[in-house]
Amino acid sequence: MSGQTPLALQISAITKRFGSLTANDGISLDLHEGQILALLGENGAGKTTLMSVLFGHYVADEGSIKVKDTLLEAGSPAASLEAGIGMVHQHFTLAENLSVLDNIMLGTERLTAVRRDTSKAKRKIAKLAGAFGLAVDPNASVGSLTVGERQRVEILKALYRDVRILILDEPTAVLTPQEADNLFDTLRKMTAEGLSIIFISHKLHEVLAIADEIAVLRHGKKVAAFPIEEASREKIAEAMVGEPVDPPVRQPGEPGATVLRLNNVDAGGTVDRPTLKSASFTLSGGEIVGLAGVSGNGQSVLADLVSGLINPHSGEMSLLDNPANALTPATAVRAGVGRIPEDRHATGVIDEMSIRENLALESIRRPPASRAGWVNWKTINERARTLMSRYDVRGGEIGTTVRRLSGGNMQKLILARVLEASPHVILANQPTRGLDIGATAYVHQQLFNARARGAGVLVISEDLDELMTLSDRIVVMFHGLLSLPISPENVTQQEIGLMMSGQSGFGEAVDAA
């Protein structure tokens, strides 16, 4: 394709430094008209910095960017927008209290305009929606839309501004497989019309399905670039990490006694309108149960319930055959619940505290960390050094503040704190979100190790690849309802996707394990 269509974007030898750190080191990329370029790399590889330079949020220390044959003004977001560059972020930037129309028009109208020409805007939106299969009601409130519909609005926002280069950052992170397929159909229509796309994703099977070219960054440098015909999962992974990556494989195992049980539990929301509805399921020691579902369907309520942050309105919950309807976070930890929270920054660590303090958070009130109210810092320091080595936590010493760690190293710290306590129940909520291939493989291996040790592991994830890899059984959540358990060997991702959208699997046995 690169020899058949002209260049849409040329990034030439971009270097960006932050003090002694070189985030981008002489990176050059070519993007052709009608082409999808997959931009890949581990956390900290330089992808975000490069995109920030492209959008004018940063000024490069060296290098230049051309859109077609025109040099792009450095450090000017307005110039990037004027040049036809748009971006759809992983986390949507929509105002939920406004209509679809208002969200799309926002920022495109002159401040001096006497009146809004909504009729013209609706005609343009309808034309774009029809051309690219992005059907959505312009009068609908964004707050009432599904996740897939919100993504259509984000793409329409960009197209409405007549973008010719579209950057998609983890575009399928919260989509069902069917919604992801619809998105790919849309992207193919867009490139057929000459639009050029930079596709950032950690899901390698999607990259192989949609990209024309692949570029890989590592440690701020471009280390590989090749057409999709020469690509494989193994080749991409090795380019990203710098060495072959052998993902862990789930081994056969026999579950033990039940460690967590929910029996007809209502929780969250209000007593009259609970978010979690009549939930019943069991988790046994020595097994991993995966919980699938589109974000916002009640997974966070179930996580809060197991963590002791909330209690059931009705029904019964038990831990190790002991009643657990009145759990608190402290009693949950003492009862043997290990918590890997969804948001590692907000609830997993305390950013301004040191690594050693974060590692001791859940054990500092107990021997040997403290006795009779006196903290034993020598013991805490020795333990911190041991855990940093054992779990490969990099980026500082035991006294380094946690905010200086990368996301992957922060997750390793949380794993060290949780797993070294040998919990009976492990709640792993989005355990690898935002992590690169190497860090993801490490986290998965640690969860397999905990399973082999006899812990019951509940993994909540929006990544179906992850759930299919890890789980002995999968349960799907839709609008607060739990499906019957499914064996991953007896179901496809497409079938799980239908369950995630409520089209099957509720109130009936679906390949029950």
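In which sense do strand 13 and strand 20 pair, and over how many bridges? The views below show a predicted model, in which local features need pLDDT of at least 70, side-chain atom pairs count only at pLDDT 80 or more, and totals for chains, interfaces and linings use all residues. Residues are numbered from 1 along each chain as its sequence is written, and side-chain values use heavy atoms, with hydrogens and water left out.

**View A. Strand 13 and its partners, strand 20 and strand 21.**
Helices (H or I, at least four residues) and strands (E, at least two) are DSSP runs, numbered from the N terminus. Strands pair if DSSP finds at least two bridges between them. Strand 13 (residues 288–292) pairs with strand 20 (residues 456–460) in the parallel sense over 4 bridges. In strand 20, Val 457 is the bridge partner of Ile 288. Strand 21 (residues 473–478) also pairs with strand 13 in the parallel sense, over 4 bridges, and here Arg 473 is the bridge partner of Val 289.

**View B. The two faces of strand 13.**
In a regular strand the side chains alternate between the two faces of the sheet. Ile 288, Gly 290 and Ala 292 are buried on one side of strand 13, and Val 289 and Leu 291 on the other. Buried means under 20% relative accessible area (exposed is over 50%, partly exposed in between; 1.4 Å probe, protein chains only). Because 5 of the 5 residues are buried, strand 13 is largely enclosed by the rest of the structure.

**View C. An open sheet of 4 strands.**
The strand order is 12-11-14-15, with antiparallel pairing. Strand 12 (276–284) and strand 15 (322–323) stand at the edges with a single partner strand each, so one side of each has no neighbour in the sheet. Strand 11 (residues 258–267) is joined to strand 12 by 6 bridges; one of the bridge pairs is Leu 260 with Leu 283.

**View D. Helix 15.**
Of the 17 residues of helix 15, 12 are buried, so this helix is largely enclosed by the rest of the structure. Among them are Ile 437, Tyr 442, His 444, Phe 448 and Arg 451. The expected span (1.5 Å times one less than the number of residues) is 24 Å, which agrees with the 24 Å between the end C-alpha atoms. Gly 454 follows helix 15 and has a positive phi, near 110 degrees.
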